[in-house]
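Colleague: I have a structure to go through with you. Could you take my questions as they come?

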4 protein chains.
Amino acid sequence: MSTPRTTTTAAKPKPYSFVNDYSVGMHPKILDLMVRDNMTQHAGYGLDSHCAEAARMIGELLEQPSADIHFISGGTQTNLIACSLALRPWEAVIATQLGHVSTHETGAIEATGHKVVTVPCPDGKLRVADIESALHENRSEHMVIPKLVYISNTTEVGTQYTKQELEDISAFCKEHDLYLFLDGARLASALSSPVNDLTLADIARLTDMFYIGATKAGGMFGEALVLLNDALKPNARHLIKQRGALMAKGWLLGIQFEVLMKDNLFLELSAHSNKMAAILKAGLEACGIRLAWPSASNQLFPILENTMIEELSKDFDMFTVEPLKDNTCIMRLCTSWATEEKECHRFVELLKRLVASTA
Amino acid sequence: MSTPRTTTTAAKPKPYSFVNDYSVGMHPKILDLMVRDNMTQHAGYGLDSHCAEAARMIGELLEQPSADIHFISGGTQTNLIACSLALRPWEAVIATQLGHVSTHETGAIEATGHKVVTVPCPDGKLRVADIESALHENRSEHMVIPKLVYISNTTEVGTQYTKQELEDISAFCKEHDLYLFLDGARLASALSSPVNDLTLADIARLTDMFYIGATKAGGMFGEALVLLNDALKPNARHLIKQRGALMAKGWLLGIQFEVLMKDNLFLELSAHSNKMAAILKAGLEACGIRLAWPSASNQLFPILENTMIEELSKDFDMFTVEPLKDNTCIMRLCTSWATEEKECHRFVELLKRLVASTA
Amino acid sequence: MSTPRTTTTAAKPKPYSFVNDYSVGMHPKILDLMVRDNMTQHAGYGLDSHCAEAARMIGELLEQPSADIHFISGGTQTNLIACSLALRPWEAVIATQLGHVSTHETGAIEATGHKVVTVPCPDGKLRVADIESALHENRSEHMVIPKLVYISNTTEVGTQYTKQELEDISAFCKEHDLYLFLDGARLASALSSPVNDLTLADIARLTDMFYIGATKAGGMFGEALVLLNDALKPNARHLIKQRGALMAKGWLLGIQFEVLMKDNLFLELSAHSNKMAAILKAGLEACGIRLAWPSASNQLFPILENTMIEELSKDFDMFTVEPLKDNTCIMRLCTSWATEEKECHRFVELLKRLVASTA
Amino acid sequence: MSTPRTTTTAAKPKPYSFVNDYSVGMHPKILDLMVRDNMTQHAGYGLDSHCAEAARMIGELLEQPSADIHFISGGTQTNLIACSLALRPWEAVIATQLGHVSTHETGAIEATGHKVVTVPCPDGKLRVADIESALHENRSEHMVIPKLVYISNTTEVGTQYTKQELEDISAFCKEHDLYLFLDGARLASALSSPVNDLTLADIARLTDMFYIGATKAGGMFGEALVLLNDALKPNARHLIKQRGALMAKGWLLGIQFEVLMKDNLFLELSAHSNKMAAILKAGLEACGIRLAWPSASNQLFPILENTMIEELSKDFDMFTVEPLKDNTCIMRLCTSWATEEKECHRFVELLKRLVASTA
C-alpha cells in the first residue's frame with residue numbers, strides 16, 4: 001500500500017475533508033483547560049500534576065495500578081521508542097506487511113538498528129499462524145531473533161481484533177517469550193466500534209505494552225504509552241529523553257489525557273467518528289461500491305472509478321491509497337470526532353447522484 | 001556540570017519558580033489564534049497555510065528567502081536531526097564540554113551513531129582555537145572526522161557570542177569545510193540581550209543551519225530549524241519523519257511561530273525575560289554574591305551558601321546545578337516572558353534581608 | 001529460505017563434505033607465499049606492498065585504473081560497509097527476498113540503520129521490473145528512499161546474471177540515480193561458469209561497486225571491495241576502520257589476492273569447482289531428481305526424499321536448506337576448488353544405487 | 001594522543017621497524033599447523049574441533065570451565081561487539097581519555113549508539129576515583145547511564161594494572177552494578193612483564209568479560225573474547241554474525257589459539273618481546289632520555305629531539321605519537337615476539353653515538 005496523497009491544498013479551501021482523522025484541532029474541553037491552566041507554573045518533563053492525574057486515571061481504567069505510563073508526542077516516535085526499549089541489537093519486530101512500522105515511518109525502526117520481519121496479512125490483522133511462520137523462517141544465528149510482535153488496533157486498513165484473536169496472540173507470545181506491543185493510534189475507534197468486544201483492561205492484561213492515541217481521538221497530539229511488563233519499565237524515561245520525546249512542557253500532554261479520560265470522553269468522541277463512517281459506508285454500499293477492506297471503524301477504503309473520484313473531489317477531499325490498473329483507485333475516507341453529520345449525508349447524496357447519472 | 005534538580009514539587013505549590021524558562025504555557029496571543037483556528041480543517045504534517053506563512057515570515061527576517069524551514073517539536077529532537085542530517089557515519093560533532101549535545105541529551109547524538117568531540121571552554125563559548133585543537137587531535141583514519149561545529153546562543157551557561165566571534169568561527173568553518181550549526185533554544189534571549197550585536201540575518205549568513213526556539217520564548221513548544229546550506233536541504237523531511245518529529249497536526253507549530261514572529265513578538269517577550277534577570281542579577285551583585293558564569297541573558301548562575309539556599313527555597317524554587325565542596329552550590333535562576341517583576345523584587349528583598357541577618 | 005544446517009559434526013569426521021564451499025584452507029600457492037613472506041616486516045592496515053600489488057593487478061583486470069580497492073575480511077562485513085558507505089539515514093537497499101543481506105546476516109544492514117526493501121524474485125535474480133516495483137511502493141516522505149540496488153552473482157541459489165540483464169539493471173539504475181552494488185562472494189564461480197558472458201571489466205563498467213570474494217575461490221578469507229563511483233571513494237577507510245574491518249596485518253589479504261589474481265588462478269580454481277558441480281548435476285538429473293533452482297555454478301539445490309537424505313548422509317554431508325511438506329527437503333550440494341573428482345563420482349554412484357534400489 | 005604515523009614506506013624497506021608489534025606474520029608453529037591442516041574439511045563459523053580445543057585450553061587456564069569463548073578477527077571489532085553486547089541504548093562506556101575505544105577506533109562505539117564517557121588518567125590507568133567521578137557527573141535521566149567500565153592491560157601507553165588495582169576496580173564495579181571489560185590486545189605483554197602480579201585466572205575472576213589478543217602475541221590475527229558474566233552469554237554469536245565477525249573458516253582462529261595456549265607459548269613469546277623492550281629502555285635511560293609514560297612492557301614512549309629522530313630514522317622506523325612544541329616528539333618504540341635482539345643493541349649503540357656526538 002502506498003502512502004495516501006491528499007488532494008487538499010491550502011489554495012483550495014472549500015472541499016470538505018475526509019482525508020484523515022487529524023485535520024482539525026482539539027476538543028473544546030481540552031482547549032478550555034489549557035486556557036485556564038496557561039499561567040500556572042509546573043514542573044517540566046512530565047513530572048507535573050496533570051500527567052500524574054492522567055496516569056492515575058488511565059491506570060484505573062486499565063485495572064493495572066502498577067502500569068507505567070509515559071506521554072509521548074507522536075505515534076512514530078512512540079513506536080520507535082517501544083521497539084528500542086524492548087529489543088537487543090540482534091532482535092527483530094514481527095509485523096504485517098501493512099503495519100505502520102513496516103511501511104509509513106521512513107524506516108524509523110530500522111534506524112534504531114532493528115529489522116521488521118513482515119508477514120503478508122491480507123486483512124491487516126496478524127494471526128498466530130503468521131507469527132509461527134516468522135519464527136520458522138528465522139531460526140539460525142545467521143538470522144535475527146523475532147522478539148516483539150507489533151499489531152495495530154484498529155489496523156492500518158480499518159479492521160480490528162476480536163477478544164478471542166487477541167487472547168490467542170497473547171497466549172502464543174507468552175509461550176514463545178515474545179513481547180506483544182499494540183499500536184493504539186486508533187484504539188479509541190476500535191474500542192467504540194459496534195463490533196468491538198475488547199476493553200482497555202483486556203488489552204492491558206493481554207499485551208506487554210500498548211498505547212492510547214489522542215491525536216485521532218479528540219486531542220491535539222500525544223500518545224499514552226502503557227508499560228505493563230516489568231522488564232520494560234526501568235529507564236524508559238532515559239530512552240524517551242534520548243529520542244527527543246521528553247517534552248519540556250509535558251503537562252500539555254497530561255491535560256489532554258486528563259480531559260479525554262474523564263467520563264470516557266475519548267470513547268464518546270470515537271463513537272461519533274465511527275457513526276459518521278457508518279453513514280458513509282451505508283451510502284457506498286447502497287451504491288454498490290466495493291470496499292478494499294471490511295471496516296466497522298472510522299476508516300473506509302472504497303474502490304472508486306477515476307471519473308467518480310474527479311467529480312467527488314470537487315466537493316470532498318479524500319486520500320488516494322493506491323491507483324489500480326482498471327481506471328480505479330483505492331481511496332480512503334476518514335472521519336473524526338469533529339466530522340459533521342450533514343457533510344456525510346451531503347457526500348452520500350452526491351455519490352448517489354453521480355452513480356445514478358452514470359447508470 | 002550536572003543536570004539541575006528542581007526543588008519544585010506538585011505537593012508544595014506556593015514557592016514562586018525560577019527553576020526554568022518553560023514552567024508556564026504560551027503567550028495569550030498564541031492561545032487566541034489556536035482557539036479561533038481550532039475547527040479549521042488543515043493539511044497534515046506541516047503542509048498547511050500556517051506553517052507556510054510562518055516560514056515566509058522567518059525567511060524575510062533572515063533575508064534568506066531560499067532558506068528551508070522546518071518546525072520540530074523539541075530541542076533535543078532538533079539537535080539529533082540536524083547532526084544526523086549533516087554527518088556521514090565516520091564524521092563527528094565538535095562541541096564544548098558544557099554543550100547541550102555533550103551532556104544533557106542522554107546520548108542522543110551518539111544514538112544516531114556519531115561521536116561528540118568535546119573541548120573544554122570555561123565560559124561555555126567555543127572559539128576558533130578550540131576547533132583547531134579538535135581538528136589537530138583527530139587527524140588519522142583511526143579517528144573520526146570532525147565535520148559539524150555545534151554552538152549554542154545563548155550558551156548553556158547564559159553567555160553569548162559577539163558578532164565578531166561568530167564571524168571568526170564561521171570563516172574558520174568555511175575554510176576547513178566544516179558545517180556550523182547554532183542551537184537557538186535560547187536565541188531570542190541572546191538577540192534581545194543588551195550586550196547583543198547580532199541579527200537573525202547575521203546568523204543566517206554565518207551558519208549552515210540554526211534554529212529559533214519557541215519553547216522558552218513564549219511558545220508552547222517547538223523549534224524552527226533553518227537550513228541555509230543547500231547540501232543540507234534535500235530529504236530533511238524524510239529524516240524528520242524517521243525520527244518521529246513530523247507532527248500530524250503540524251499547523252500547531254505554524255500558529256506559534258506566526259504569532260511569535262509577528263512584529264518580533266518573540267524578541268519583545270525575551271527582552272522582558274532578560275530584564276527580569278537583570279533585576280535579580282543587580283540584587284545578587286549588590287549582596288556580593290559571585291556568579292559562576294557572566295550572563296546578560298535570562299539565566300543566572302549564583303554561587304550560594306547552602307544555608308542561604310534553604311532559606312530562599314521556602315519562597316522560591318531554583319535549580320541546583322552543582323554542589324561544591326565548601327557548603328555552597330552553583331544554582332540557576334531562570335526568568336521567562338511570564339516572570340512577574342514583583343516576584344523578582346520580592347526575591348531580591350528576601351536575599352538582602354538574609355544577607356543582612358548573617359552579616 | 002532458511003539457513004542451511006550442516007549435518008557435519010566434529011565427532012563424525014568420515015563423511016565427505018559437500019556442505020559448503022569454505023570447508024578447507026587455502027590454495028597451496030597462497031600458503032607458500034605466506035610461508036616465504038612470514039618474517040618480512042610490513043606496514044600495517046593494508047598500506048603494504050602486497051595490498052598495493054594486488055590492487056594494481058585487480059585494477060588492470062577491471063580496466064579501471066582509478067578504481068579504489070579495499071581488502072576486507074568477510075562478506076557480511078563487506079556488505080554492511082558498502083551499504084553504510086553509500087546510504088544516507090533515510091535511504092534503503094533494494095534486494096531480492098533471497099538476498100544474503102535480506103536473510104542471512106542477522107540484520108547487519110538494519111543494524112547500520114537502513115531498511116532492506118525486498119522484492120520476490122523466484123529464481124534469485126533481480127530484474128528491472130522488480131526495482132521499478134520497489135520504487136513505486138516507496139514514493140512519499142513517510143517511506144524510505146530506495147537508493148542502492150543489491151544483487152549477488154552468482155545468486156544465493158546458484159543462478160547468475162547475463163550481460164544483457166546486468167546492462168539493463170545498470171542502465172535503469174543510472175537513469176534513476178540508484179547505486180548498483182554487486183555482491184561477488186561467489187563471483188569467481190559465476191565468471192567461470194559455462195553459461196557466463198560477463199567479464200570483470202563488464203562488471204566494473206556496469207556497477208558502482210562490487211567485490212571479488214576469495215573465501216570461496218581458493219583463499220583463506222577476504223573480499224576485494226572495488227569502488228568505481230567517485231562519490232563512494234572518500235573516507236572508505238575511515239568507515240572500514242570504524243566497523244572493525246581494517247586488519248592490522250592487512251598484507252595477509254594482499255598476499256591472497258596477489259596469488260589468486262596471478263594468471264587468473266581464481267577463475268581456474270572456480271572452473272574446477274563448477275566442473276565438479278556439473279558431475280553431481282548430471283548424476284542428479286540422470287536419476288530424475290528435480291533441482292529447486294537451475295544452476296550452472298558450484299551450488300546445486302536438489303529436492304531429495306528424506307529417506308534418500310538419510311542414506312546419502314552416511315557417506316556425504318549436505319546442507320538442509322528447507323524441509324518441505326511431502327517428506328522431502330531442499331538440500332544444497334556445494335563444491336569448491338578443493339573438491340575431489342573421485343568423491344563426486346562416488347556420490348553419483350551411491351545416488352544411482354539408492355535410486356535403483358527404491359525403484 | 002594522536003595516531004602515530006609510521007615512517008615506514010614500501011619503497012624504503014631497509015630500516016628495521018620498531019613501529020608496532022604487528023609488523024610480521026605468525027609464529028612458525030602456527031604456520032606449521034596451518035600447513036598440516038590445510039586440506040582437512042571443517043565445519044564453518046567456529047563450530048570446528050580447533051576452536052573447541054582452543055576454547056577448552058583457555059577455559060582451563062582461566063579456571064573457569066563455564067566461560068564462553070568466542071574467536072574474533074580484530075580488536076576494534078571485539079571492542080564494539082563487547083560494548084554492544086553489554087549495553088542498552090541509554091547506557092555508556094567509561095574509559096580513560098587515552099583508551100583505544102575513546103580515540104583510535106574512528107567512533108566505533110558511538111557507531112553502535114553508545115557514548116564513551118572519558119575521564120582524564122595521566123598514566124593511562126583508570127582508578128576507582130575516576131569511575132566515581134564519571135558516575136557523579138551522569139546522574140539524571142537527561143544523561144546516559146554509565147554501565148560498562150573499559151580498561152586495557154597493558155594500557156595504550158604501556159603501563160599496566162597491579163592485582164590490587166584490579167581487585168579494587170572489580171569490587172567497585174560489582175558494588176555499583178557495572179560491567180568490567182578488559183581489553184587484552186596486549187594482555188600477553190602485561191602478564192609476562194617483570195612487574196606483573198596478575199594471572200589469567202585472576203582476570204577471569206575479576207572481570208565480566210575480557211579478551212586475549214593474538215595479533216600482537218605471535219598470532220596472525222584474532223582475539224579470544226571471554227564472557228564470564230552469565231548475563232552476557234546468550235546470543236553473543238548472533239551479535240558477532242551481525243557485526244560481520246563470524247569467520248567462515250573460523251578454525252583458522254582456533255588453530256592459532258591452540259598453538260599459542262599450548263605450554264603458554266603466548267607468554268613465552270611476550271616475555272621475549274618485553275625483554276627486547278627492556279634492552280631499548282636501558283639504552284634510552286643510559287642516554288638520559290625521558291619516557292613520556294613509565295613502562296615495563298613492549299611499548300616505550302621516549303621523548304626525542306627532532307634532529308635525533310631524523311638520524312635514527314635512517315636505520316630504524318618508529319612511530320610519531322605527538323609532536324611537542326620544543327622541537328621534540330613523543331615517539332613509540334614497539335617490540336614483538338619476532339624482534340631481533342641484535343637490532344635492539346644496534347639501536348642502542350646508534351643512540352649512544354648520536355648522544356655522544358651532540359654532547
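Colleague: With which side chain does the side chain of A:R332 make a polar contact?

Modeller: With the side chain of A:Q299, at 2.8 Å. A polar contact is a pair of N or O atoms within 3.5 Å, where within protein one must be able to donate a hydrogen and the other to accept it, and residues adjacent in sequence count only if both atoms are side-chain atoms. This is a predicted model, in which local features need pLDDT of at least 70 and side-chain atom pairs count only at pLDDT 80 or more, while totals for chains, interfaces and linings use all residues. Residues are numbered from 1 along each chain as its sequence is written, chains are lettered from A in the order in which they are written, and side-chain values use heavy atoms, without hydrogens and water.

Colleague: Where is A:R332 placed in chain A?

Modeller: In strand β14, residues 328-334 (strands are DSSP E runs of at least two residues, helices H or I runs of at least four, numbered from the N terminus).

Colleague: Which side chain of opposite charge is nearest to A:R332?

Modeller: A:D21, 5.1 Å away. A:R332 has no salt bridge, which is a side-chain nitrogen of Lys or Arg within 4 Å of a carboxyl oxygen of Asp or Glu.

Colleague: Turning to the interface, how many salt bridges does the rule find between chain A and chain B?

Modeller: Zero. The rule does find 22 residue pairs in polar contact across that interface, both residues at pLDDT 80 or more.

Colleague: And how many residues of each chain are in contact?

Modeller: 47 residues of chain A with 47 residues of chain B, counting heavy atoms within 4.5 Å.

Note on methods:
Buried means under 20% relative accessible area, exposed over 50%, partly exposed in between (1.4 Å probe, protein chains only). Lys and Arg count as positive and Asp and Glu as negative; His and the chain ends are not counted.
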